[in-house]
Amino acid sequence: MQNLKTKTMQIVNRFFTGWKEIFRKRGCVGKTILVCLSLYFLICLISFPFSLLSRSKQTPEDASTHAVNDLIPTKTPTPEITPTPEFTPTPDLSSIFKAMAPVASGQGVPDAGEYNPDVPGPHRFIILDASGEPYFIWNDKLPPEWLPSSVSETELVVVVDRREVKLGSQAYIGGPSITRYRIEMDVQVREARTGEILMSRTLKGSEPGGFPQTAPKEQTRMTGSRIEYADLQDGLFKENELDLGLRSQCWLTEYTENLLSGALSPDGQTLASGGYSDSNIVELWKVADGNLLHTLEGVTDSRIKSITFSPDGETIASGTRDGLSGTPGGLVHLWRVSDGQLLNTLMGHTDEVSDLAFSLDGQFLASGGWSDEIVQVWRVPYGDLLHTLEGPVYSLAFSPDGQVLASGARDNTVRLWRISDGELLFTLVGHATGVTSLTFSLDGEMLASASESTVRLWRVSDGELMHTLEHHTRLLGSIAFSPDGQTLASGSLEEIRLWQVADGTLLDTLWRHTGIVTNLAFSPDGKNLISGSKDAICLWTIQE
């Protein structure tokens, strides 16, 4: 090693001596270049022996490893790869939306799933608008377990139709008129396979505030709240699935397409119907299976406007609307239910018989005329006229003891008459439209009257107004007290509401019908409620 260092130093000395002579003979630029080259070679010469010295100190193993590593190409480190989550396929809703579009217009899809209300849910469905297009904003919010994964899994289609209802306008000086609007949405639940409407209702947003005293510049409209998905949940879902009348057992009715009147027997087993059918007859149907029991012949030239059963269910009274082919209108017919035999014809009205009511003992029958503006009270066993009372009548009801008759008039009033002498006891005022339905509580102490969308509860003894029930949104067709008098049922278009009589609290809302509920009756124990409309007869479980 010492010899190596000595030789290196000798080379360095010779290098400087040689370059010193060359440097003396060159110009300025050449001298500069030679200096740079000299320094470079000098550094190389000095570092070479020290590099050899460093290698001489390695162990054989180190030298071997170093040699091998020099021969192996350098590898780029492999980046850490995060495992890709397992792919879960989502339903192809676009193809389902397209296939189900005809259901929005009432056409069934044969390949759709079968809806069976007796099978526990969830029953899978999608939401479309009235044109058959998907209502994405609400479909996206449905729980995954409610969405179908194929056409064959689609049992139901919810069809929504949004609209704006004009509430009125007000003009301003120096500015444009302002119009107020309320947002409404019609909601239908249709069976996917048949297109049949299973349920229908209307959701309503709140109304906007009142008109401002001074119109803001360029303001032309005021709109109430929108219909949100939460409103759909409140109005359509019950206990985490579609509320399709799960507390009811219903039978669809097809007794006439032009129904004018209908009535349920007191036991809820028989339905009487009448209307504009080809023969204009009264037909009796068995509710349980929809079979025709009797056809009541004898009034083939008169339209049937009103029908009612006697309290014992053995007699039917029907009132005609107007005559056809020259036959006089305003007739009242009495029929025996068991065999359909015509028992009597009562003549006294000159035109439409708008309503009929039996007294609880079946001894009296009241008939009301809409056009001739009279109420006639008949003694049923003899068929003779007892009283003729004045008033344009929509509805009638006897008190349970048969001593008082209530008549609801198109002049928005309710009149209470004493049967014994026909004297007017009270005129109850407060309704804004004609009174379409009346009913007494079983103890005779309360009278309920309905008009348009309002029910009023009156104390019979003095005619005092007790409560006003104003939560209905559509035309009221019927009302009924429970046997204990603690609950009142009111039926309107698409809905039935249950009220607590004591304080007027709304207890429940029952959805199933698509038409106006024209008949309501509680079972004797108050646990069930029977409802009837043009679309269906339903038996509801009110108490377990």
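Which relative accessibility does arginine 418 have, and how does arginine 418 count? The exercises below begin with this residue.

The model is predicted, with local features requiring pLDDT of at least 70 and side-chain atom pairs pLDDT 80 or more, while totals for chains, interfaces and linings use all residues. Residues are numbered from 1 along each chain as its sequence is written, and side-chain values use heavy atoms, without hydrogens and water.

**Exercise 1.** Classify arginine 418 and its salt-bridge partner by accessibility.

*Solution.* Buried means under 20% relative accessible area, exposed over 50%, and partly exposed in between (1.4 Å probe, protein chains only). Arginine 418, at 30% relative accessibility, is therefore partly exposed. A salt bridge (side-chain nitrogen of Lys or Arg within 4 Å of a carboxyl oxygen of Asp or Glu) joins its side chain to that of aspartate 421, at 3.0 Å from N to O. Aspartate 421, at 41%, is likewise partly exposed.

**Exercise 2.** Describe the salt bridge between arginine 182 and glutamate 184.

*Solution.* The closest N and O atoms are 2.6 Å apart. Arginine 182 and glutamate 184 are both buried.

**Exercise 3.** State the strand order of the open sheet and identify its edges.

*Solution.* Strands are DSSP runs (E, at least two residues), numbered from the N terminus; two strands pair if DSSP finds at least two bridges between them. The 4 strands follow the order E25-E26-E27-E28, with antiparallel pairing. Strands E25 (437-440) and E28 (464-469) each have a single partner strand, so one side of each lacks a neighbour in the sheet. Strands E26 (446-451) and E27 (454-459) pair over 6 bridges, and serine 451 stands opposite threonine 454 in E27.
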